[in-house]
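Subject: Structure handover

Hello,

Here is the structure you asked for, followed by notes on what was found in it.

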Amino acid sequence: MIKAAKMFLGISLATLAACGGNPETSRDTSTTGTISISVDETFQPIIESQVSTFEGIYRYANINAQYKAEGKVFGDLVDDSTRIAIVSRKLTEEEKAVFDQRKLTPRYTRIAIDAVALIVNQKNQDTLLTMNQLRDIFTGKITTWKQLNPESSLRDIAIVFDNNNSSTARYMRDTLMAGQPLPPTASASNSHPALIDYVAKNENAIGVIGVNWISDRDDSTSLNFLSQVKVVGLSVEDNPITTDSYYQPYQAYIAQGEYPLRRFWYIISTEGRAGLGTGFASYVASDKGQRIILKSGLVPATMPVRIVGFNNKARSFSQEEE
């Protein structure tokens with residue numbers, strides 16, 4: 001009788017472990033276990049919310065999100081320090097070759113459409129720029145605010161990034177500078193809050209920041225940041241006739257492609273099986289995860305959105321459009 005009871009107990013414990021009842025003694029599954037993921041620090045506000053919500057639903061899941069500059073995130077992925085990375089570009093051919101040697105095929109899950117925002121000091125009256133003017137600023141052809149506006153009382157333009165190795169710095173080099181190095185007037189502040197603080201205190205500064213730091217109108221931190229600076233509007237026209245040709249990085253303008261500095265977010269997974277990282281990626285791409293993206297002021301990547309009555313340009317928008 002005792003032997004039978006022990007056998008029954010053993011079977012019950014084995015069944016419990018198989019169901020993820022004790023994550024400490026079982027391999028991680030799509031909803032249980034502990035993993036570390038590397039995340040582009042530009043995306044920290046939203047990913048913190050995604051992780052918190054996911055762990056609230058799956059109480060045996062523990063995701064340790066480490067927020068780093070883009071270069072370090074890809075370094076972690078290539079070095080196999082992490083198997084889940086959240087970034088704004090796909091792997092380069094050189095990076096792919098590393099995984100080819102390991103006979104691994106990285107999987108991409110597109111989760112959001114983001115934008116790179118430009119912010120200036122509250123005293124700066126020049127908050128509308130064309131893409132040509134912006135390109136001239138970042139290539140060093142325009143170095144003072146007076147070159148943009150002869151009536152400006154401001155002096156030399158001071159460009160500031162969150163980090164020289166960040167995704168926003170890389171994006172601006174790729175988009176505006178054809179891979180050229182940043183001009184001598186550019187500097188790094190080492191964090192997004194420090195970047196916003198620098199621009200708020202320096203009237204000559206123009207800051208480059210991921211829009212999710214200032215886009216969530218329901219978040220007190222985002223609203224506080226937004227109250228300290230002005231957000232620049234951009235136009236793709238060479239000589240805009242009206243201010244209607246300029247667009248700020250609002251959600252609708254990002255979705256419709258009117259705002260020019262936009263990019264995609266990806267979760268890259270090198271897991272060889274359906275582990276916790278895969279489960280988290282599936283959650284972020286699901287309806288619940290995409291609603292968090294939508295609320296944050298960004299554009300969901302896996303669900304269609306409809307913009308109604310926005311600047312008389314209402315239309316449905318499928319995220320398959322690029």
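I begin with one strand, since several pairings meet there. Strand S4 (residues 107-121) and strand S11 (residues 262-269) run antiparallel and are joined by eight bridges. Within that pairing, Arg107 has Ser269 of S11 as its bridge partner. S4 also pairs with strand S8 (residues 205-210), again in the antiparallel sense, through five bridges; here Ala117 stands opposite Ile209. Three bridges link S4 to strand S9 (residues 229-231), antiparallel as well, and Asn121 faces Val229 there. With strand S12 (residues 299-300) there are two bridges, also antiparallel, and Ile113 has Val299 as its bridge partner in S12. S4 is mostly covered, with twelve of its 15 residues buried.

Please keep in mind that this is a predicted model. The mean pLDDT of the protein chain is 86, and 84% of the residues score at least 70. Among the elements, strand S3 (residues 84-87) has the highest mean pLDDT, 98, and helix H1 (residues 2-18) the lowest, 37. The pLDDT is below 50 over residues 1-25, a stretch with eight contacts in the model beyond near neighbours in sequence. It is also below 50 over residues 310-322, where the model has 36 contacts beyond near neighbours in sequence.

Overall figures

The protein chain has 322 residues, and 48% of them are buried. Its secondary structure consists of twelve helices and 14 strands. Of the contacts with a separation of 6 or more, 72% are between residues 24 or more positions apart. The accessible surface is about 15700 Å², and carbon and sulfur atoms account for 50% of that.

The nonpolar core

Nonpolar side chains in soluble globular proteins tend to be buried together. In this model the largest nonpolar core holds 84 residues, and those touching the most other members are Leu118, Leu134, Phe138, Met172 and Leu261. S4 supplies the largest share of this core, nine residues. Leaving out residues up to four places away in sequence, Leu134 touches Leu118, Leu129, Met172, Leu176, Leu234 and Leu261. Three of the residues named for the core, Leu118, Met172 and Leu261, are thus also contacts of Leu134.

Salt bridges

Side chains of opposite charge can pair when their charged atoms come close. How many salt bridges does a search of the whole structure find? The search finds twelve. Three of them are described here, with the exposure of each partner.

- Arg89 and Glu95 form a salt bridge through their side chains, at 3.0 Å from N to O. Arg89 counts as buried because its relative accessibility is 18%, under the 20% cut-off. Glu95 is at 13%, so it counts as buried too.

- Lys96 and Glu93 form a salt bridge at 3.4 Å, N to O. Both lie in helix H4 (residues 93-101), three residues apart, which is about one turn of the helix. Lys96 is partly exposed, with a relative accessible area of 33%, whereas Glu93 counts as exposed at 61% relative accessibility.

- Arg291 and Asp287 form a salt bridge at 2.9 Å, N to O. The two are four residues apart in helix H12 (residues 287-296), so about one helical turn separates them. Arg291 is partly exposed, with a relative accessible area of 49%, and Asp287 is partly exposed with 42%.

Which residues are linked with Arg89 and Glu95 in a network of salt bridges? Glu70, Arg170 and Asp174 belong to that network along with Arg89 and Glu95.

In short, S4 is the strand to look at for the pairings with S11, S8, S9 and S12, and for its share of the largest nonpolar core. For the charged side chains, Arg89 and Glu95 are a buried pair, while Arg291 and Asp287 are both partly exposed.

Regards

Note on methods. Residues are numbered from 1 along each chain as its sequence is written. This is a predicted model: local features need pLDDT of at least 70, side-chain atom pairs count only at pLDDT 80 or more; totals for chains, interfaces and linings use all residues. Side-chain values use heavy atoms; hydrogens and water are left out. Buried means under 20% relative accessible area, exposed over 50%, partly exposed in between (1.4 Å probe, protein chains only). Contact means heavy atoms within 4.5 Å. Accessible areas come from the Shrake-Rupley method with a 1.4 Å probe; for residues, only the protein chains shown count as cover. Two strands pair if DSSP finds at least two bridges between them. pLDDT is the predictor's confidence in each residue, from 0 to 100. A nonpolar core is a set of buried Ala, Val, Leu, Ile, Met, Phe, Trp, Tyr and Cys residues joined through side-chain atoms within 4.5 Å. A salt bridge is a side-chain nitrogen of Lys or Arg within 4 Å of a carboxyl oxygen of Asp or Glu.
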